[in-house]
Amino acid sequence: MKFEGKVVWVTGAGQGIGYEICRQFAHEGAIVALNDLQPLLARQAADTINAETATQSVIAWPGDVADPLQVFSMAEAIESRLGKIDILVANAGITIFGEFLNFTAADFDRLVGVNLRGTYFCAQAAALAMIRHHIRGSIILMSSVTGVQAHRNLSAYGMTKAAIRMLARSLAMELGPYHITVNALGPGATITERTESEGASFTEGWKLVAPNRNIASVADIAAAALFLSSGEARHITGETLMIDGGWTIHSPLPGDNYTI
């Protein structure tokens, strides 16, 4: 029960990577504030994990991270009800594909609103709560391989994920004196509810271009989040941990007829 007594706030956690992060924290004894934009999805996710762990350790916390007023209201409510915030995993993010020459201002603003504004102010709200309670806290941000390597039709999305890598470095400097570590995760191709809908070709295609001939599961990403939030990682800060089976070493795409 490595995180017993810890309060963890995870955003964008109704399904996929965020859900599995909540699930693993709950299994390790944490009290988890599970945020999602969709109230029903948040409640269903929390209920499922609670049933699995035979506890009431996961609490659904709906809200839109793109709205700073909702972010600070959420953080204050979590702090008031649970007493503190030890760990934030700012996982909430959206992907919008589009050619640069045709990309709309509306799509750009939504991407930046969720991926950057949401991440930035969730981190700020959590850090302020940690400082108030003298918590040696941990903040985990969610970047991506697309923040390292360019992808066609993902110029805006990749820009946000590259910015999150720099945000982790900047916040590590500013929050270090308060004993708060800040790191980012950089997932590569990962099997989630969304990618499973693309069929076996998604999994097999990405396996072929990864040096380890594998594709990430949500459990792989969650395990990295728990490690960086743990005492074992107390001297790691400002880093982005790539979880991509080595893909960013060479970065071919499925269908490029590239073999290792």
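Okay, let's start with one residue, Thr192, which sits in the loop between β7 (190–191) and α6. Buried or exposed, at 15% relative accessibility? Thr192 counts as buried, because 15% falls under the 20% cut-off. If you skip the neighbours within four places in sequence, Thr192 has contacts with Ile17 and Val218. Keep in mind as I go that this is a predicted model.

So where does Thr192 turn up again? It is among the residues closest to the centre of the largest pocket, along with Gly93, Thr95, Tyr157 and Arg194. That pocket has a volume of about 1400 Å³, and 49 residues line it.

Which elements supply at least two residues each of that lining? You've got α1 (16–27), β2 (31–36), α4 (105–132), α5 (155–175), α6 (193–196) and α7 (200–209). Among these, α7 gives the largest share, with four residues. As for chemistry, the lining of the largest pocket splits into 22 polar, 19 nonpolar and eight charged residues.

Now the second largest pocket. There we have about 400 Å³ of space. Its lining is made of 20 residues, and the ones closest to the centre are Arg136, Gly137, His179, Thr181 and Arg234. By type, that lining comes out as ten polar, six nonpolar and four charged.

Arg136 gives me a link to a residue elsewhere, Gln56. Gln56 is in the loop between α2 (39–53) and β3. In sequence, Gln56 and Arg136 are 80 residues apart, and C-alpha to C-alpha the distance is 25 Å. And the surface status of Gln56? It counts as exposed, because its relative accessibility is 66% and the threshold for that label is over 50%.

Let me set Val65 beside that. Val65 is also a loop residue, placed between β3 (58–62) and α3 (68–82). Val65 counts as buried, though, because its relative accessibility is 6%. What is Val65 in contact with, once neighbours within four places in sequence are set aside? The list is Thr11, Asn35, Val71, Ala92, Val114, Arg117, Gly118 and Cys122. If you want to place those on the elements I mentioned, Asn35 falls in β2 (31–36), and Val114, Arg117, Gly118 and Cys122 fall in α4 (105–132). For a long span, take Val65 and Arg213: they are 148 residues apart along the chain, and their C-alpha atoms are separated by 35 Å.

Right, let's zoom out to the whole protein. How many helices and strands are there? Eight helices and nine strands. The radius of gyration is 18 Å, close to the 18 Å that the globule rule gives for 260 residues, so the protein is as compact as a globular protein of that length. If you're setting up a box, the C-alpha atoms fill roughly 55 × 40 × 40 Å along the principal axes.

On burial, 51% of the 260 residues are buried. On contacts, if you take those with a separation of 6 or more, 73% of them come from residues 24 or more positions apart. And on surface, the protein exposes about 12400 Å², with carbon and sulfur atoms supplying 54% of that.

To go back to where we came in: Thr192 is a buried loop residue, and it is one of those closest to the centre of the largest pocket. That's what I have.

Note on methods. Residues numbered from 1 in each chain as written. Predicted model: local features only at pLDDT ≥ 70, side-chain atom pairs only at ≥ 80, totals over all residues. Heavy atoms only, no water. 1 Å grid on protein atoms, 1.4 Å probe; cavity = no way out; pocket = protein on both sides within 12 Å on 5 of 7 lines; lining within 4 Å. Points joined across faces, edges and corners; volume = space filled by probe spheres on them. Nonpolar A, V, L, I, M, F, W, Y, C, P; charged D, E, K, R; others polar. Buried < 20%, exposed > 50% of the residue type's maximum accessible area, 1.4 Å probe, protein only. Contact = heavy atoms within 4.5 Å. Rg over C-alpha atoms; globule rule 2.2 N^0.38 Å. Areas by Shrake-Rupley, 256 points an atom, 1.4 Å probe, with all protein chains shown as cover.
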